[in-house]
Amino acid sequence: MCNTKTKYLVIGVVMLMSFDDNDSNFESYTQKIPGTQVIFDLIPIQKGTFRMGNDDSKNLDEKPVHEVTIDPFWMATHEVTWDAFELFLDKNYELAISEEPIGARVDGLSRPSLPYLDMTFGMGKEGKPAVGMTQYGAIQYCHWLFLKTGIFYRLPTEAEWEYAAKAGSDTRFFFGDDPAVLQEYAWVSENSKESTQKVGTKKPNPWGLFDIYGNVLEWTYDQYDPEFYKKSETSNPKNPPLKLYSRVVRGGSFATDSDELSATKRFRSSPDWKRIDPQIPKSQWWFPEAPFLGLRLVRPLNPPSPEEINVYYTQSPITDY
Amino acid sequence: MTGGVLASPFILPGAYAAPANELKLAVIGCGGRGTGAVFQAMETGHPIKLVAMADAFRDRLDSSHKLILDKYGASKVAVDDDMKLTGFEGYKAAIAAADVVILATPPGFRPMHFEEAVKQGKQIFMEKPVATDAAGIRRVLKAAEEAKAKKLNVVVGLQRHYQNNYRETIKRIHDGAIGDITGGQVYWNDGGVWVKERKPGQTEMEYQMRNWYYFNWLCGDHITEQHVHNIDVANWVKQGYPVKAEGTGGRQVRTSKENGEIFDHHIVSFTYADGSVIHSECRHFPGAANRVDESFQGTKGKVYMSGGNHGVLTDWKGNALYNHPRDNQPNPYQQEHDELWAVLMKGEYKFADAENAAKSTMTSIMGRYATYSGKPLTWDEAMNGSVDLFPDKLDWDALPKLLPNSDGYYPHAVPGKTKVI
């Protein structure tokens with residue numbers, strides 16, 4: 001075990017070096033959540049240009065295909081698991097687990113309301129994706145992680161997600177066009193037994209990302225706009241969310257049929273996912289009917305300014321009722 | 001029945017006239033759940049006007065009022081300033097102003113509010129649980145009898161009774177699909193709920209009221225406040241109430257000052273009149289596995305049910321006898337109000353949920369008595385328990401019966417020592 005000082009020094013060095021695009025240290029690494037035994041892996045996604053969308057799709061919102069250039073970022077190889085998310089969810093649990101003080105800034109962060117329902121939906125926790133969080137909750141998880149590590153983790157934009165998911169391919173799936181092969185790579189309705197499954201137990205995509213299709217839908221940052229591809233920027237497009245519904249989620253889940261899935265399929269959040277919330281105002285943190293919804297983190301190689309980071313993490317949630 | 005001027009749409013004793021126009025609604029307890037219940041009432045689409053709101057705290061009342069007004073507008077929400085009632089006594093005037101009342105304060109107040117609503121002859125939706133000790137249960141049972149005599153509809157928010165997977169599956173159990181029920185297991189294991197920290201200037205009474213989950217006179221402990229849902233399913237399946245409880249429990253991981261006096265786990269065996277035993281388990285351990293569901297075993301098969309719309313009957317050879325569809329099921333919290341208000345609009349009498357709700361709440365309280373004392377006890381011993389948790393006087397400066405020690409921590413039950421009845 002390294003002591004706290006050394007650990008923060010190491011992180012500081014990584015951050016300084018990361019300002020250089022061509023840095024030779026733009027490599028895979030393992031992030032340890034400070035004070036705990038919880039770790040997760042990230043891989044570098046190099047800068048590149050790809051064709052986003054699908055002109056042959058029956059879904060109009062995937063058209064037109066357009067070229068997009070994406071700046072480099074790291075992406076987590078796995079969806080965020082309950083092992084990590086529950087530390088954020090419950091401060092007392094974090095305090096109980098932590099081997100060192102969590103610090104005033106982490107201590108002062110707003111945490112999710114503890115849900116009145118079993119938000120694992122009976123599907124289990126260990127090694128399984130955290131589910132049911134709102135986009136606000138997903139971003140606040142990134143905020144918590146930032147306060148603990150000093151590293152700007154965030155949600156992928158929709159374009160970043162599709163770029164990484166395709167991993168250089170231009171077929172329906174990263175492995176080709178045949179949905180019958182999907183079950184080698186993904187937990188979908190045909191093989192999941194209606195439950196999330198442990199992350200990383202199927203084959204990864206060519207860049208090393210597991211569960212890109214299936215297991216859980218993954219939050220992106222973008223507002224859902226079916227017309228967005230007709231007008232989006234060509235460089236690092238994003239559609240900042242201003243309305244609560246809908247926002248883009250990608251990749252399908254354990255509840256998605258293979259027929260429905262592709263690298264370009266755009267899913268979106270729905271107020272129906274909060275239908276059975278018995279309280280008013282409805283929870284800013286939880287979707288009690290979205291056991292299929294999770295998140296995956298990214299980290300831009302060149303982080304934005306401290307002011308921009310602050311803005312990203314402190315956007316107020318929109319009251320939902 | 002025509003020609004008379006009806007001061008109240010429910011003026012006719014024993015046989016209601018259908019309401020002449022809109023029904024007036026009051027909400028007592030304006031937290032998230034009370035506000036939610038008002039929304040669900042409004043969402044039924046019937047002509048309803050909210051006319052009175054009562055809450056101990058003005059801030060909770062105001063935030064609730066704003067949400068309801070923003071959503072439904074002045075045509076549905078007409079709460080004059082003098083009908084925004086705060087403190088401990090406001091409930092009486094709020095109930096008087098309405099035809100229908102929603103009772104959604106912390107459960108410790110429910111017996112008092114339910115008694116008053118029945119006394120005033122109102123139609124009632126009230127949240128679970130309906131009391132926090134045997135003294136409260138006895139009051140609710142007495143008022144429940146009076147409500148029946150007056151033909152007042154009473155719906156209680158044990159919403160599994162309004163959820164199709166439970167209704168369909170338990171109907172089949174009662175029809176004999178898996179034979180006689182010989183045992184079962186019911187669970188509410190999760191990470192726990194919110195905590196409110198003490199703020200400067202709060203009296204002890206205000207602090208306990210704000211952080212009510214952790215004080216038994218208000219909450220009843222989580223075996224009552226949450227796990228009553230699953231225990232109630234056991235009683236529903238068994239078509240009766242246990243004759244005996246024995247159990248164990250304690251405070252393992254939730255031990256701060258803010259955690260008041262309640263335990264973080266209770267494990268109870270409930271024995272029913274036919275000798276069958278139901279295992280009940282509720283636990284607030286963050287990080288540990290979650291489980292919230294109900295299983296039972298019968299002479300011919302077994303059943304699994306959950307709030308996530310599971311309802312699965314299987315015989316002992318593994319053959320599926322029934323598997324309730326899980327997709328596109330109605331929202332049970334909405335269903336409660338859809339069914340209640342449809343009956344109210346017709347001026348009919350149909351719902352008498354209070355007695356079962358009181359007895360299922362009593363079952364959970366009996367479980368708590370068993371874990372707190374570390375001693376088995378019978379239904380009658382529990383029901384006749386003389387310990388009354390309610391404060392002698394309700395006032396912001398009055399003292400609740402449980403007070404913190406000099407170090408700020410609260411005394412809590414110690415099995416083997418604590419007297420519960």
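**View 1. Meet A:Asp107, partly exposed at 33% relative accessibility.** In this predicted model, the side chain of A:Asp107 joins that of A:Lys91 in a salt bridge, with 3.3 Å from N to O. The pair links distant parts of the chain, 16 residues apart: A:Asp107 sits in helix α4 (residues 104-108) of chain A, and A:Lys91 in helix α3 (residues 91-97) of chain A. A:Lys91 is partly exposed too, at 22% relative accessibility.

**View 2. Here B:Glu204 and B:Arg198 form a salt bridge.** Their closest N and O atoms are 3.0 Å apart. B:Glu204 counts as buried, with 13% relative accessibility, while B:Arg198 is partly exposed at 37%.

**View 3. Now look at the salt bridge between B:Asp274 and B:Lys238, at 2.7 Å from N to O.** This pair also links distant parts of its chain, with the two positions 36 residues apart: B:Asp274 belongs to the loop between β9 (265-271) and β10 (277-284) of chain B, and B:Lys238 to helix α9 (residues 228-238) of chain B. B:Asp274 is exposed, with a relative accessible area of 55%; B:Lys238, at 13% relative accessibility, is buried.

**View 4. In chain A, salt bridges with shared partners build one network.** Its members are A:Glu158, A:Glu162, A:Lys166, A:Arg250 and A:Arg266. Over all chains, the structure holds 44 salt bridges.

**View 5. Finally, a negative patch on the surface brings together A:Glu190, A:Asp257, A:Asp259 and A:Glu260.** To find A:Glu260, follow the loop between β7 (247-250) and β8 (266-268) of chain A. A:Glu260 is partly exposed, and its relative accessible area is 37%.

Terms used: Residues are numbered from 1 along each chain as its sequence is written. Chains are lettered from A and ligands numbered from 1 in the order in which they are written. This is a predicted model: local features need pLDDT of at least 70, side-chain atom pairs count only at pLDDT 80 or more; totals for chains, interfaces and linings use all residues. Side-chain values use heavy atoms; hydrogens and water are left out. Patches are made of residues with over 30% relative accessible area and no salt bridge: like charges are joined within 9 Å, nonpolar side chains (Val, Leu, Ile, Met, Phe, Trp, Tyr) within 5 Å. Accessible areas come from the Shrake-Rupley method with a 1.4 Å probe; for residues, only the protein chains shown count as cover. A salt bridge is a side-chain nitrogen of Lys or Arg within 4 Å of a carboxyl oxygen of Asp or Glu. Lys and Arg count as positive and Asp and Glu as negative; His and the chain ends are not counted. The place of a charge is taken as NZ of Lys, CZ of Arg, CG of Asp or CD of Glu. Helices (H or I, at least four residues) and strands (E, at least two) are DSSP runs, numbered from the N terminus. Buried means under 20% relative accessible area, exposed over 50%, partly exposed in between (1.4 Å probe, protein chains only).
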